[in-house]
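Work through these exercises with the structure in view. Try each task before you read its solution.

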Amino acid sequence: MAPSMPGRNKLIYLLDAPAPPVDKNLFGLSREQLRALIVDLGQPVYRVDQLLTAMFRQSVDSLDAVSVLPRALREEIVNLGWGIAIPKILEGFRSVDGTERYLIAGEDGQTVETVWMPGGDGGEKGDDTADDFDGANTKRATICVSSQVGCAVNCRFCLTAKLGLQRNLKAGEIAGQVIAVLGRHKVELGRDRINLVFMGMGEPFLNYDEFMAAVRLLVEETGIAESRMTVSTSGIVPGILRFAQESVRPKLAISLNASNDRVREEIMPVTRKWKIEDVMHAAAQLKLRPRERVTFEYVLLGGINDSLQQADELVRLVRSASFPSKVNLIAWNSGPGIEYVAPESSRVEAFQKRLIQNGVPAFLRRPRGRDIYAACGQLKRTTREI
Ligand code: SAH
Ligand code: SF4
């Protein structure tokens, strides 16, 4: 571990090298896939649990470290080309507010960003699941997870968009971010209160199968309940429709960001493909759990979508939805090369007040880790230039 760097650069450590590549990675396989492999090898099914426990609860470095498996079996698996490579944290940055941003290596050494927000995400406090259980020995935190390297959606206000889409992440690379961060913070699963938000780099619903496979792995193997997970989409209608059919699924957040299609299309060109009305119809297909609400995220851009008329229009839109919802307001976080301006704080307050006065639950998401480019929309593998 390297010592902290002085001055403004808040690099906290240079950690591991990426995991040595393996031909075929056991980490990221579903329980069923592992079972098929183990049964093929003529082994008892309890080996599947032994493998999954080693990977998800003990974050072993290699198959060799799974000492509960007989040596001969480990060798046999290796000879078939299988190994274990769990994503590793290469670098970390710590904000003055305690937020940490990590660069985590995927299978090809490309890095993605993952954020640890201790004490939970202020914006989620409207959630019924975000209780105040905060005992002296209990950690509470939210981990923000990436689903793609870069993003193809091209929202005008988002730094990740500037990368374009580099590639999709595999299920293991998505779930692995969580395992790596849980390991760094020595989280005790079952005791500490961990929320997951799939709101990092990328559009989860444009990498649907791998994203959902990661969700299932995390729910089954870490025991973090799906009701403690939230996925955010820019409004990919076919993805929302598939999501509505899932029996195990996180809560849904929709990046609305405008109160009508005209403004939305300007800042989110994806609106040309799916109008707000289409997104609303798709979201209405979800069978919500008791007390569950859909979140509408609304990034406030100074002079673009932060007027009281737009707040009124948003009220009408949200109230016309056939499902219970709430609004999470996010003051725009700046990024290099993006021309928008942050909204004035008086306008943010007035906007929120207007929603609440009209019966729309509205929360202001506290910006986390802005100084280390960890806040919403700032993820772009920013390293030395901080
Ligand atoms: N791609 C998904 C999830 C990742 S973005 C989506 O767009 O929903 C997570 C949230 O950050 C979205 O609500 C998005 O609108 C918001 N966001 C993007 N850029 C931002 C910025 N510069 N400042 C504040 N919020 C931003
Ligand atoms: Fe992609 Fe979300 Fe950024 Fe839009 S806001 S470019 S969907 S990551």
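A residue is near a molecule if one of its heavy atoms lies within 4 Å of it. This is a predicted model: local features need pLDDT of at least 70, side-chain atom pairs count only at pLDDT 80 or more, and totals for linings use all residues. Residues are numbered from 1 along each chain, and side-chain values use heavy atoms, without hydrogens or water.

**Exercise 1.** Find how many residues surround ligand 1, and sort them by class.

*Solution.*
Step 1. Ligand 1 is surrounded by 18 residues. Gly 202, Ser 232, Ser 255, Trp 332 and Asn 333 are the closest.
Step 2. Sort the shell: nine residues are polar, seven nonpolar and two charged. In this scheme Asp, Glu, Lys and Arg count as charged; Ala, Val, Leu, Ile, Met, Phe, Trp, Tyr, Cys and Pro as nonpolar; the others, Gly among them, as polar.

**Exercise 2.** Find the polar contacts (pairs of N or O atoms within 3.5 Å) that Phe 157, Ser 232 and Glu 297 make with ligand 1.

*Solution.*
Step 1. Start with the backbone. An N or O atom of Phe 157 lies 3.0 Å from a nitrogen atom of ligand 1.
Step 2. Turn to side chains. A polar atom of Ser 232 is 2.6 Å from a ligand oxygen. For Glu 297, a polar side-chain atom is 3.2 Å from an oxygen atom of ligand 1.
Step 3. Name the elements. Strand E11 (229-233) and strand E13 (294-300) each give two or more residues to the shell. Strands here are DSSP runs of E, at least two residues long, numbered from the N terminus.

Key
Chains are lettered from A and ligands numbered from 1 in the order in which they are written. A polar contact is a pair of N or O atoms within 3.5 Å; within protein, one must be able to donate a hydrogen and the other to accept it, and residues adjacent in sequence count only if both atoms are side-chain atoms. Helices (H or I, at least four residues) and strands (E, at least two) are DSSP runs, numbered from the N terminus.
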